[in-house]
Amino acid sequence: MRRPMTVVGLGFRSKVTPEALLQALAQVGPFDAIATAAAKARALTALLPEALVIGVDVAGVPTPTQSQAALAAYDTGSVAEAAALCAAGPGARLCQTRRIIGGVSIAVAQGETT
């Protein structure tokens with residue numbers, strides 16, 4: 001039997017620490033993957049080498065919350081929300097909209113199946 005895929009989307013600044021990322025991730029339940037903007041995926045993989053990191057194109061993805069910084073840099077209202085939705089696949093929905101924990105934007109989406 002298939003189960004929903006849960007993806008955590010992350011947005012972060014270049015000087016983020018692994019500890020800040022882990023603190024933010026500890027605030028969500030179990031998940032299958034972490035997603036971020038494609039331009040940030042390599043940095044995130046280096047910071048969290050044991051995690052499954054998915055880099056996605058977030059440009060133009062509509063999101064329920066809006067960050068002026070994300071709009072200017074990535075053409076989406078929230079890198080975290082857009083990345084989670086894209087990586088979770090068609091029909092994905094947000095379970096948790098963007099929130100900021102220790103300087104890390106985090107959102108959670110669930111897709112139809114893994």
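A residue is called buried here when its relative accessible area is under 20%, exposed when it is over 50%, and partly exposed in between, using a 1.4 Å probe and protein chains only. The model is predicted, so that local features need pLDDT of at least 70 and side-chain atom pairs count only at pLDDT 80 or more, while totals for chains, interfaces and linings use all residues. Residues are numbered from 1 along each chain as its sequence is written, and side-chain values use heavy atoms, with hydrogens and water left out.

The sheet offers a starting point. Helices (H or I, at least four residues) and strands (E, at least two) are DSSP runs, numbered from the N terminus, and two strands pair if DSSP finds at least two bridges between them. Five strands form an open sheet with mixed pairing, in the order β3-β2-β1-β5-β4. Because β3 (53-56) and β4 (93-101) stand at the edges with a single partner strand each, one side of each is left without a neighbour in the sheet. From one strand to the next the twist averages 25°, where axes are lines fitted to C-alpha atoms, for helices over the stretch in contact, and angles run from 0 to 180 degrees between N-to-C directions.

Within this order, β1 has β2 and β5 as its neighbours. With strand β2 (residues 33-37) it pairs in the parallel sense over three bridges; the bridge partner of Val7 in β2 is Ala33, and that of Gly9 is Ala35. With β5, the pairing of β1 is antiparallel and runs over six bridges, so placed that Val8 stands opposite Val108 and Gly9 opposite Ala107. On its other side β5 pairs with β4, again in the antiparallel sense over six bridges, and there Leu94 stands opposite Ala109. β4 and β5 form a hairpin with two residues between them, and Gly102 in the turn has a positive phi of about 55°.

How enclosed are these strands? Six of the six residues of β1 are buried, so β1 is largely enclosed by the rest of the structure. Both of its faces are covered, with Thr6, Val8 and Leu10 buried on one side and Val7, Gly9 and Gly11 buried on the other. For β5, six of the seven residues are buried, and therefore this strand too is largely enclosed by the rest of the structure.

The helices can now be set against the sheet. β1, α1 and β2 make a right-handed β-α-β unit, meaning that, with the strands pointing away from the viewer, the path from the first strand over the helix to the second runs clockwise. α2 packs on the sheet, where it touches β1, β2 and β3, and its direction makes about 130° with that of β2.

A nonpolar core is a set of buried Ala, Val, Leu, Ile, Met, Phe, Trp, Tyr and Cys residues joined through side-chain atoms within 4.5 Å. In the largest one, which has 18 residues, Val8, Leu10, Leu21, Leu25, Leu44, Val104 and Ile106 touch the most other members. The elements that give two or more residues to this core are β1 (6-11), α1 (18-25), α2 (38-47) and β5 (104-110), and α1 gives the most, with four residues. A second, separate core of 17 residues includes Val7, Ala33, Ala37 and Leu85. Contact means heavy atoms within 4.5 Å; not counting residues up to four places away in sequence, Val8 touches, among others, Leu25, Phe31, Ile34, Ala84 and Ile106.

A loop residue gives a further example of burial. Thr76 lies in the loop between α3 (68-74) and α4 (79-88), and it counts as buried because its relative accessibility is 1%. Leaving aside neighbours within four places in sequence, Thr76 is in contact with Val58, Val61, Thr63, Ser67, Ala70, Leu71 and Ala82.

The cysteines remain. The structure holds zero disulfides, a disulfide being a pair of cysteine sulfur atoms within 2.5 Å. The sulfur of Cys86 is 15 Å from the closest cysteine sulfur, that of Cys95, and therefore too far for a bond. Cys86 is partly exposed, with a relative accessible area of 32%, and Cys95 is likewise partly exposed, at 37%.
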